Amino acid sequence: MRAARLIRMVLLLQSRPSMTAAELARELEVSERTVARDVLSLSEAGVPVYADRGRAGGYRLIGGYRTRLTGLGRSEAEALFLSGVPAALRDMGLADAASAARLKVSAALLPELRDAADGAAQRFHLDAPAWYREPATPELLPAVADAVWDDRRVAARYRRKDTEVERELEPYGLVLKAGVWYLAARAGADVRVYRIDRFTSVTLLDGRFTRDPEFDLPAFWAERAAQFARSILRDEVVVRLTPAGARALRHVTDRAAAEEAVEKAEKAGGPDERGRITVTLPVESLDVAFGQLLGLGPEAEVLAPPELRERFAVAAARMHGMYGEPADRPDR
């Protein structure tokens, strides 16, 4: 642990003109007294660390000293490719590896290029969790991530509705979708998708598995995501839309389904004399469709099924009852 910290200190000093004891302590997560002891150890080992005294003082390397300890380890190199998703790195227990990798890259760069990482970080940031949702890290995510990195088989218990099932899995890859972690894993002959927060136990087994060289995680996820989106659209509704409603439909319901429905309607018959089109829209359920289409207000008229149209008629009557008369303001 101490040896790794000393290497990090050298890399930090190599990547910057100078650093104060407080800055080093914060980066290394130690006390300033520990920083002073580590600097002394480096000096005794022949690393030319110079201490500038005074209020603006700090530590710096002298004599153009450059360490050759900049080769990336495997875990550091792999973590570096994920360094644009810092929360994901923390969740998987890879934050330290990514930090070490960034320091090694920074130390290997020419001085005039060392601000490149900060410049990129200030211009591009990926915020994976969805709005209005408190992100939660699944307790077993680090264990699953270890298995993914090392191609280790796992024995897992998985919660499915009101029961738990046991599976022996070959974990191929992790996916973070809208703040939810998923595992793509081979179970038997098939690769399936599991929500990490539904695992109740994960045990790494002794044996490693041989990864299928043809497996492509991004392509697999794109296909499964499309299949899932189609599979949950089990009902259909018929809706008459104004031009504004046709433009807004994709923002309140499944985007692909909405765009396809509007395109079919425009090709089939086109708009009527008032510019309206009638679409047949796949939806998850009538309850979901009611909440989604209600947001379009008068820009959408549900024509079928009859029970959904009746719900809208009742809602419209209630709204008319509220808005048909002046508001009864208590301050009048």
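**Figure 1. Glu29 in the loop between helix H2 and helix H3.** In this predicted model, Glu29 is found in the loop that runs between helix H2 (21-28) and helix H3 (32-44). Its phi is near 60 degrees, a positive value in a residue other than glycine. With a relative accessibility of 74%, Glu29 counts as exposed, because the cut-off for that class is over 50% relative accessible area. For the chain as a whole, which has 13 helices and ten strands, 34% of the 332 residues count as buried.

**Figure 2. Asp151 in the loop between helix H8 and strand S3.** The place of Asp151 is in the loop that joins helix H8 (141-150) to S3. Asp151 has a phi near 55 degrees, which is a positive value in a residue other than glycine. Its relative accessible area is 21%, so this residue is classed as partly exposed; the class of buried residues is reserved for values under 20%.

**Figure 3. The open sheet of five strands and the helices that pack on it.** The five strands follow the order S6-S5-S4-S3-S7, and their pairing is antiparallel. S6 and strand S7 (199-208) stand at the edges, where each has a single partner strand, so that one side of each is left without a neighbour in the sheet. Neighbouring strands of this sheet are turned against each other by 45 degrees on average, direction ignored. Seven bridges join S3 to strand S4 (residues 163-177), and these two strands run antiparallel; within this sheet, Val154 stands opposite Leu169 in S4. Helix H8 packs on the sheet, where it touches S3, S4, S5 and S7, and its direction makes about 70 degrees with that of S4. Helix H9 also packs on the sheet, touching S4, S5 and S6, and the direction of H9 makes about 75 degrees with that of S6.

**Figure 4. Strand S5 and its two hairpins.** Eight of the eight residues of S5 are buried, so this strand is largely enclosed by the rest of the structure. In a regular strand the side chains alternate between the two faces of the sheet. Both faces of S5 are covered, with Val180, Tyr182, Ala184 and Arg186 buried on one side and Trp181, Leu183, Ala185 and Ala187 buried on the other. Towards S4, seven bridges join the two strands in an antiparallel arrangement, and Leu174 stands opposite Leu183 in S5. S4 and S5 form a hairpin with two residues between them, and Ala178 in the turn has a positive phi of about 50 degrees. Towards S6, six bridges join the antiparallel strands, and Ala185 stands opposite Arg192 in S6. The hairpin of S5 and S6 also has two residues between the strands, and there Gly188 takes a positive phi near 75 degrees.

**Figure 5. The second largest pocket and its lining.** About 770 Å³ of space lies in this pocket. The lining comprises 18 residues, of which Tyr182, Val193, Arg195, Trp221 and Phe228 are the closest to the centre of the pocket. Strand S3 (152-160), strand S5 (180-187), strand S6 (190-195) and helix H9 (217-231) each supply at least two residues of the lining. By class, the lining has nine nonpolar and nine charged residues, and no polar residues.

**Figure 6. The open sheet of three strands and helix H13.** This sheet has the strand order S9-S8-S10, with antiparallel pairing. Strand S9 (277-283) and strand S10 (300-304) stand at the edges, each with a single partner strand, and therefore one side of each is left without a neighbour in the sheet. From one strand to the next, the twist averages 35 degrees. Strand S8 (residues 235-241) and S10 pair in the antiparallel sense over four bridges, and the bridge partner of Val239 in S10 is Val302. Helix H13 (residues 306-323) packs on the sheet and touches S8 and S10, with a direction that makes about 145 degrees with that of S10.

**Figure 7. The cis peptide bond at Pro305.** The peptide bond from Ala304 to Pro305 is cis, with omega near 0 degrees. Pro305 is found in the loop between S10 and H13, and thus this view adjoins the sheet shown in the preceding figure, in which S10 is an edge strand.

Key
Residues numbered from 1 in each chain as written. Predicted model: local features only at pLDDT ≥ 70, side-chain atom pairs only at ≥ 80, totals over all residues. Heavy atoms only, no water. 1 Å grid on protein atoms, 1.4 Å probe; cavity = no way out; pocket = protein on both sides within 12 Å on 5 of 7 lines; lining within 4 Å. Points joined across faces, edges and corners; volume = space filled by probe spheres on them. Nonpolar A, V, L, I, M, F, W, Y, C, P; charged D, E, K, R; others polar. Pairing = 2+ DSSP bridges. Axes fitted to C-alpha atoms, helices over the stretch in contact; angles between N-to-C directions. Contact = heavy atoms within 4.5 Å. Buried < 20%, exposed > 50% of the residue type's maximum accessible area, 1.4 Å probe, protein only.
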